Amino acid sequence: MPEYGAAGQGGTAAREVGGFLLRRREQIAQRWADETLFRTVFTVSREEAVEAGRTVVEALAQVAGADLSADPEAPGFLVVREQLSQIGSARTRTGLTPSQVSHDVDALRPPTVDLLVADLPDAAPEAVREATNVLTVLMGTLRLVVMETALSEGQALIDRQRLQLLEMTTPVIQLWDGIVAVPLIGTLDSARSQIVMETLLESVVEQRARFAILDITGVPTVDSLVAQHLMKTVAAARLMGAECVVSGIRPAIAQTIVHLGLDLGTVVTRATLADALGYALRKLGTDIVSEASHGAGER
Amino acid sequence: MTRDFPPPVTGHVPVLRLGDVLLVTLQGDLHDSTAEQLQQDIGEAITRNRAAGVVIDVSGVEIVDSFLGRVLAEIAAKARLLAAETVVAGMRPAVAITMVELGLFLPGLRTALSTEDAIRLVGGGDAHPAARPGGTRQGSP
């Protein structure tokens, strides 16, 4: 029974806070507009900041009114989630750490508490403390929601960048008529190897390339899986009627391949991209001659 | 509506003669009986025409299974016994990847990017016997 009473009292305090937030939303929004968080996010005009602050305060009032102060999943927050994520991501983009953003959000609390205390001049100290408690919890939840949206924003950014990286790091270059090359840079994993294989084979068809050069100068390490992928790419290119040359195998990688006991016997390898190009050109019946021998020759 | 779809091709795959090269174009699914028939036809055509090469154009094949891989390997083996060379031409990237994933590397088979290249490869194209593959592109980047 006493618990029920306490809960009822809490409910009253929450409703009171909700009412206060709704009544004073204009004032609170004005105060918030001066805080770092709103000032730095809404740089265009103060009106914009006040408007955004008002929306957030209204949402908070609704959450408090529903007595869900401690629930970050409260329906009230859903309305302003977009706004909050905008705030959160704008702050994160400027290079602030999550804890700094959290601190910024927390800075909204003191002015609001001041206003609340001023709003209840004749209330019993007990009731005032109760109301401040509710407000503190509510602001804590707001902080949590902002952090959550900011973090999910960061995750989305990482996902987007990973995709971009996959696209960026596999350029297929046409070195000569009928010769394409892929300079591989960075660590290869299964997903990337797959994309390399696909883009290379696609370009073999597109450019009608009889030679495809896989240059792995920029690949720091090779494990058995990557080596297997290389072999598969070479085999698939051969099935399509193109010859695949692997170039730029570093001494350390060669050592690793030998230690792993992998047989690259069927793969044509050359020390550098230039050697591979020379090999392909010769096979195509084209040759590059230096100026000196050109002059000395009968041509 | 379903009646409008053509029934699966179970008849012959035509074997065309171009000079001393035989050209076979595979399209879509290859059925067991068709494959059997094709192997026989190629064998007969090689001996009848004294063909020096067989070009199998697979650019119309979009789905591949181990069966097709085996058929290709068998045709190649048979043609070699009859002193003809087999070239598979125009394999699509997706098909090539699938073949490799299936472990079908087709070791004894020659390949070419297109039918044209393949015919040149097996010694056809009597019009320019001196032309080397890629020779016409010489010197142009």
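**View 1. Arg25(A) and Glu58(A), a salt bridge between two helices of chain A.** A residue is called buried when its relative accessible area is under 20%, exposed when that area is over 50%, and partly exposed in between. At 29% relative accessibility, Arg25(A) therefore counts as partly exposed, and Glu58(A), with a relative accessible area of 32%, is likewise partly exposed. In this predicted model, Arg25(A) forms a salt bridge with Glu58(A), in which the closest N and O atoms are 3.2 Å apart. Because Arg25(A) belongs to helix H2 (residues 25-33) of chain A and Glu58(A) to helix H4 (residues 46-65) of chain A, the pair ties together parts that are 33 residues apart in sequence. Over all chains, the structure holds 16 salt bridges.

**View 2. Salt bridges within single helices, one in chain A and one in chain B.** In chain A, Arg162(A) forms a salt bridge with Asp159(A), the closest N and O atoms being 3.9 Å apart; both residues lie in helix H8 (residues 125-168) of chain A, 3 residues apart, which is about one turn of the helix. Arg162(A) is exposed, with a relative accessible area of 53%, whereas Asp159(A), at 35%, counts as partly exposed. In chain B, the side chains of Asp117(B) and Arg120(B) meet in a salt bridge with an N to O distance of 3.6 Å. Asp117(B) and Arg120(B) are 3 residues apart in helix H4 (residues 115-121) of chain B, so about one helical turn separates them. Here the acidic partner, Asp117(B), counts as buried at 12% relative accessibility, while Arg120(B), at 31%, counts as partly exposed. Elsewhere, salt bridges that share partners join Arg23(A), Arg24(A) and Asp119(A) into one network.

**View 3. Asp57(B), a buried acidic residue without a salt bridge.** Asp57(B) lies in strand E3 (residues 53-60) of chain B. Although Asp57(B) is buried, it has no salt bridge, and the nearest side chain of opposite charge, that of Arg92(B), is 8.7 Å away. Not counting residues up to four places away in sequence, Asp57(B) touches Val24(B), Thr25(B), Leu26(B), Ala89(B) and Thr115(B). As for the chain around this residue, chain B has 4 helices and 5 strands, which run β-β-α-β-α-β-α-β-α from the N terminus on. Of the 141 residues in chain B, 41% are buried, and among contacts in this chain between residues at least 6 apart in sequence, 73% join residues at least 24 apart.

**View 4. Phe211(A) and Tyr279(A), an aromatic pair in chain A.** A search of the whole structure finds 1 aromatic pair over all chains. The ring centres of Phe211(A) and Tyr279(A) lie 6.3 Å apart and the ring planes stand at 85 degrees, so the pair is edge-to-face. Phe211(A) comes from strand E3 (residues 211-218) of chain A and Tyr279(A) from helix H12 (residues 273-283) of chain A, and the pair thus links distant parts of the chain, 68 residues apart. Both Phe211(A) and Tyr279(A) are buried.

**View 5. Ile213(A) and its surroundings in chain A.** Ile213(A) lies in strand E3 of chain A and, at 0% relative accessibility, counts as buried. Leaving aside neighbours within four places in sequence, Ile213(A) is in contact with ten residues' worth of surroundings that include Leu175(A), Ile179(A), Val182(A), Val245(A), Ser247(A), Leu273(A) and Leu277(A). The C-alpha atoms of Ile213(A) and Glu243(A) are 8.4 Å apart in space, the two residues being 30 apart in sequence.

**View 6. The largest nonpolar core and the contact between chain A and chain B.** The largest nonpolar core has 64 residues, and those with the most contacts inside it are Leu184(A), Leu214(A), Leu26(B), Val54(B), Leu72(B), Met91(B) and Met99(B). Helix H10 (residues 224-239) of chain A contributes the largest share of this core, 8 residues. Apart from it lies another core, of 47 residues, among them Ala13(A), Val57(A), Ala59(A) and Val146(A). Between the chains, 28 residues of chain B are in contact with 24 residues of chain A, and the area buried between them is about 2200 Å², of which carbon and sulfur atoms give 57%. The count between chain B and chain A is 1 salt bridge; the side chains of Glu101(B) and Lys232(A) meet in a salt bridge at 3.1 Å, N to O.

Methods. Residues numbered from 1 in each chain as written. Chains lettered and ligands numbered in written order. Predicted model: local features only at pLDDT ≥ 70, side-chain atom pairs only at ≥ 80, totals over all residues. Heavy atoms only, no water. Phe/Tyr/Trp six-rings, centres within 6.5 Å; stacked < 30°, edge-to-face > 60°. Helix = DSSP H or I, 4+ residues; strand = E, 2+ residues; numbered from the N terminus. Buried < 20%, exposed > 50% of the residue type's maximum accessible area, 1.4 Å probe, protein only. Lys, Arg positive; Asp, Glu negative; His and termini not counted. Salt bridge = Lys/Arg side-chain N within 4 Å of Asp/Glu carboxyl O. Contact = heavy atoms within 4.5 Å. Core = buried A, V, L, I, M, F, W, Y, C linked by side-chain atoms within 4.5 Å. Buried area = accessible area lost by both parts, 1.4 Å probe.
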